[in-house]
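Student: I would like to learn how to read a structure feature by feature, going from the overall contacts to single residues, a metal site and the internal cavities. Could we take them in that order?

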Amino acid sequence: MLSGAVFAPFVTVSPTTAAGILNTSNQDNDVFSFGIASGDPSDSGVIIWTRINPEYIQNPQTDDLHLVFWPLNQKENSKAIKINADEIKRENDFTVRINLDGMMDENQFYHYQFEYGQRSSIIGRCRTLPASTTTLEQLKLAVLTCQDFTTGYYNAFSHLADEAVDFVVHMGDFIYEYSQYEGFEDSTLPGRKLTFPSGQKLATTLEDFRHAYKTYRSDKQLQKAMAQHTWILSTDDHDCADNCYWNYEEDTLGLPSHDSRHQLDAQALMDIKLSSQKAWFEYVPTRVDINEDASHPHDYLTIYRNFKFGQLAEIFMTDSRTYRSEPSCDSKDLNDGSQCMDIPDPKRTMLGDRQRNWLIDGINTSDSHWKIWGNQTLVAKFGLTGILREYQINKDAWDGFPEERKTIARAIKDNGTNNFVTLTGDLHTSIVTYSKIEYTNDGIFYPNGDLDNLVVQNL
Ligand SMILES: [Fe+2]
């Protein structure tokens, strides 16, 4: 696991007894109003998440939070821990993350349940990783991305909750930064309205971003899927801003001109990025840590990290927005292949030097059979035919960063690394193709990739 974090704001826990707690007849979804969740498995634990509804917190705050967990069908082997009342903090918006590392067996499903003030949560289910040397016969991942709350319903999450998958991998866009999709302001679906506390159409403050997460996580079908599986999450642009990047020249968040926030000053833009990071950190179950002393987003939160599924597979989750260079043209021209011909600039990066080297080293030194890149935007060249041919360059995806794409592919090819697979989000389209080091302009299908490895572009 990546260990770049310098501060560990997990709650401190102490063992307690399971006896006398968890009166399941008293389950109360109002106390745990955004559900329970697990994420970022290790081979000896997971991160467990919940939030206590502040309306149920006494003044003075006296109730401790208890978490009980047990191997599936072995309730008699329950373990319990106590989270002290003063660990449920307003500065974390009353969210709680508990690191159970060292308390669970490898490659094992567990059940878990919270109790707070005589009220119990629903029972959740989580799973640990196999040990790194374990031989695993198969691995079933659910791959998700782009869950816009305002333009649809989450029926798929209800089905996902019932699926027999090992883990859920989310490529980003857990929230969208707008209250309504542009052009669809008058077509709000029943129950899917999102209004930011600031009154703005785009999330601007920490409270706006927190409100977005609360709105999304209020969905019962999403709650069901998050309670039933252990999640591994990354972020994409909409977790902060559409087509965002890092403005290295002014050292602040870069926004395209269609984003009304782009005219804010550098510090205000920096604050938007920091707010989006903090809200994501508070509301999804991850092992990453915020450095509260840092004022720069690159120091504040580092989310790229890897997970090893025994000898069968290893996944490297990257962050393609925090360190990415300014695009070669403004977003209004992003799909216009006739413009912005400075694309091959070798200095343009989507990952940044440090993350790219981490990815390449990780892929090339992994001893797992499958090496998986958990990535946000289309890696293969995107093209259309006929009258749509002019739209064949998607500069927001890896077509806008061809030199860095080539560097990664070349390093993997030259190392002789086999069984390299890429998972991708973003396009809301199912595409399966091969990786190449160089892509030509003569079409969109590549039956024989230079890497001879499959790239799966998802959803
Ligand atoms: Fe998306």
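Student: What share of the contacts with a separation of 6 or more comes from residues 24 or more positions apart?

Tutor: The idea is to sort contacts by their separation in sequence; in this protein, which is a predicted model, residues 24 or more positions apart account for 72% of the contacts with a separation of 6 or more. The secondary structure comes to 7 helices and 20 strands, and 58% of the 459 residues count as buried.

Student: Which pair illustrates residues that are apart in sequence, and how far apart are they in space?

Tutor: One sets the sequence separation beside the C-alpha to C-alpha distance: Ala37 and His229 are 192 residues apart in sequence and 7.8 Å apart in space. Ala37 is placed in strand 2, residues 36-39, and, leaving out residues up to four places away in sequence, Ala37 touches Ile47, Ile48, Trp49, Tyr112, Arg217, Met226 and Pro285.

Student: Why does Ala37 count as buried?

Tutor: Burial is read from the relative accessible area, and Ala37 counts as buried because its value is 0%, where the cut-off is under 20%.

Student: Is Arg51 buried or exposed, and what does its side chain reach?

Tutor: A charged side chain is best read by taking its accessibility together with its polar partners. Arg51, found in strand 3 (residues 47-51), is buried, with a relative accessible area of 6%. Its side chain reaches the backbone oxygen of Asp93 at 2.8 Å, and the side chain of Arg51 also makes a polar contact with the side chain of Tyr283, at 2.9 Å. Asp93 and Tyr283 appear again among the residues that Arg51 touches beyond four places in sequence, a list including Val31, Phe32, Phe94 and Lys214.

Student: Which residues coordinate the iron ion, and how are they spaced in sequence?

Tutor: For a metal site one reads the donor atoms, then their distances, then their sequence spacing. In this model the iron ion is coordinated by Cys146 through SG, Asp173 through OD and Tyr176 through OH, at 1.9 to 2.4 Å, and the donor residues follow the spacing C-x26-D-x2-Y. Two of these donors can also be read for burial: Asp173 is buried, with a relative accessible area of 1%, and Tyr176 counts as buried at 4%.

Student: How many cavities of 30 Å³ or more does the structure hold, and what lines the largest?

Tutor: A cavity is read through its volume and through the residues of its lining. The structure holds 3 cavities of 30 Å³ or more, and the largest has a volume of about 130 Å³. Its lining has 16 residues, of which Thr235, Lys273, Ser276, Gln277 and Thr322 are the closest to the centre. Helix 4, residues 266-283, gives the most to this lining, with 4 residues, and by class the lining of the largest cavity has 6 nonpolar, 4 polar and 6 charged residues.

Student: What is the volume of the second largest cavity, and how do the residues of its lining divide by class?

Tutor: The same reading applies: the second largest cavity has a volume of about 80 Å³, and the residues of its lining divide into 7 nonpolar, 2 polar and 2 charged. It is lined by 11 residues, with Trp373, Val379, Arg405, Ala409 and Phe420 nearest its centre. Helix 7 (402-414) and strand 18 (420-424) each supply at least two residues of that lining, and the largest share, 3 residues, comes from helix 7.

Technical notes
Residues numbered from 1 in each chain as written. Predicted model: local features only at pLDDT ≥ 70, side-chain atom pairs only at ≥ 80, totals over all residues. Heavy atoms only, no water. Buried < 20%, exposed > 50% of the residue type's maximum accessible area, 1.4 Å probe, protein only. Polar contact = N/O pair within 3.5 Å; in protein donor to acceptor, adjacent residues only side chain to side chain. Contact = heavy atoms within 4.5 Å. Donors = N, O, S within 2.8 Å, 3.2 Å for Na, K, Ca; no water. 1 Å grid on protein atoms, 1.4 Å probe; cavity = no way out; pocket = protein on both sides within 12 Å on 5 of 7 lines; lining within 4 Å. Points joined across faces, edges and corners; volume = space filled by probe spheres on them. Nonpolar A, V, L, I, M, F, W, Y, C, P; charged D, E, K, R; others polar.
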